[in-house]
Amino acid sequence: KRLPDQVEDRYIMVNIPDFRLYYKENGREKLSMRVVVGDKEHRTPIFSNKISFIVLNPYWMIPDSIVKKEMIPNILKNPDYLAQRGYEVRRSYNPNKAAINTKNINWARVLRNGQTKRYKFMQPPGPKNALGKIKFKFPNRFSVYLHDTPAKKYFKKARRAFSHGCIRIARPNALLATFAAHERSVNFYKTQRVLRGKKKRQLNLSKHVPIHIVYLTAWIKND
């Protein structure tokens, strides 16, 4: 019921209760890895889509829901919260626009008056970035995507439901290599040079790769 009827040469499947990602090519499993999915309050949705672009050294555009529930409450407890974590605040999500000085902003009033959408919180590329070094995008109404993470410790746990809904992957470089094998816009060796720096780069795919996020508690193994 959850998978398409037509045969797909290449596709990615994330099975939520299995906490794993599978990459399949011509009916064979070529790659598998641990993932972290959404927690009980931010469940990862079940849907299918197609990965259309990859971002190296991404910015984290922090959603307004997280700004309301987490960012501003933390600022109110600790005025140095933004500086300590390298977060930036702008009037738009355009990283080329100058960041604003937040020292004179009354965040309690902003929160009380429901004015949080006036401010766009962002985390620039770097070792502390919540998205790690790579994200795989398939634009959807849930704002869910696959991404790297600096918090590797969670992959050691058996039950891996700790995210806000997006899917953190244990081996982003290995997944990137599967795209490089089929996509002229993804040169694996050049991507490694880019990833050693902090400059954002977007790779648009000519061949979009299907991704299926499913909830299967039983399945047939390849053998």
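A salt bridge is counted here where a side-chain nitrogen of Lys or Arg lies within 4 Å of a carboxyl oxygen of Asp or Glu. The structure is a predicted model, in which local features need pLDDT of at least 70 and side-chain atom pairs count only at pLDDT 80 or more, while totals for chains, interfaces and linings use all residues. Residues are numbered from 1 along each chain as its sequence is written, and side-chain values use heavy atoms, with hydrogens and water left out.

**Stop 1: salt bridges**

Select Arg-90 and Glu-88, whose side chains meet in a salt bridge with an N to O distance of 2.5 Å. Burial is classed by relative accessible area: buried means under 20%, exposed means over 50%, and partly exposed lies in between (1.4 Å probe, protein chains only). Arg-90 has 5% relative accessibility and therefore counts as buried, whereas Glu-88, at 22%, is partly exposed.

How many salt bridges does the structure hold? There are four, and two others may be selected next. One of them joins Lys-68 to Asp-64, at 3.5 Å from N to O. Both residues belong to helix 1 (residues 64-77); being four residues apart there, Lys-68 and Asp-64 are separated by about one helical turn. Helices (H or I, at least four residues) and strands (E, at least two) are DSSP runs, numbered from the N terminus. Lys-68 is partly exposed at 39% relative accessibility, and Asp-64 is buried at 17%.

Then select Glu-25 and Lys-30, which form a further salt bridge with their closest N and O atoms 3.6 Å apart. Glu-25 has a relative accessibility of 15% and counts as buried.

**Stop 2: strand 2 and a long separation**

Move to Lys-24, a residue of strand 2 (residues 20-25). Lys-24 is buried, with 15% relative accessible area. Add Ile-62 to the selection: along the chain the two residues are 38 positions apart, and their C-alpha atoms are separated by 32 Å.

**Stop 3: aromatic rings**

Display the rings of Phe, Tyr and Trp (its six-membered ring). Two rings pair if their centres lie within 6.5 Å; planes under 30 degrees apart count as stacked, over 60 as edge-to-face and the rest as tilted. By this rule, nine aromatic pairs are counted. Select Phe-47 and Phe-142: their ring centres are 4.9 Å apart and their planes stand at 45°, so this pair is tilted. Phe-47 lies in strand 4 and Phe-142 in the loop between strand 8 and strand 9, so the pair ties together parts that are 95 residues apart in sequence.

Phe-47 is buried, at 12% relative accessible area, while Phe-142 is partly exposed, at 31%. Adding Phe-138 completes a cluster in which ring pairs link Phe-47, Phe-138 and Phe-142.

**Stop 4: positive phi in two loops**

From Phe-142, step along to Ser-143, which lies in the loop between strand 8 (134-137) and strand 9 (146-147). Although Ser-143 is not a glycine, its phi is positive, at about 55°. Is Ser-143 buried or exposed? Its relative accessibility is 54%, so Ser-143 counts as exposed.

Now select Asn-57, in the loop between strand 4 (47-56) and strand 5 (60-61). Asn-57 also has a positive phi, about 50°, without being a glycine. With 1% relative accessibility, Asn-57 counts as buried.

**Stop 5: a glycine between strands 10 and 11**

Gly-165 is found in the loop between strand 10 (161-163) and strand 11 (167-169). This glycine is buried, with a relative accessible area of 5%. Select Arg-112 alongside Gly-165: the two are 53 residues apart in sequence, and their C-alpha atoms are 26 Å apart in space.

**Stop 6: strand 12 and the positive patch**

Finish at strand 12 (residues 201-214), where Arg-201 is found. Which residues gather with Arg-201 in a patch of positive charge on the surface? They are Lys-190, Arg-193 and Arg-196. Patches are made of residues with over 30% relative accessible area and no salt bridge, like charges being joined within 9 Å. Lys and Arg count as positive, and the place of a charge is taken as NZ of Lys or CZ of Arg. Accessible areas come from the Shrake-Rupley method with a 1.4 Å probe. Arg-201 itself is partly exposed, at 41% relative accessibility.

Leu-203 also has its place in strand 12, but Leu-203 is buried at 4% relative accessibility. As a last selection, take Glu-183 with Leu-203: their C-alpha atoms lie 9.9 Å apart, across 20 residues of sequence.

How values were computed
Patches are made of residues with over 30% relative accessible area and no salt bridge: like charges are joined within 9 Å, nonpolar side chains (Val, Leu, Ile, Met, Phe, Trp, Tyr) within 5 Å.
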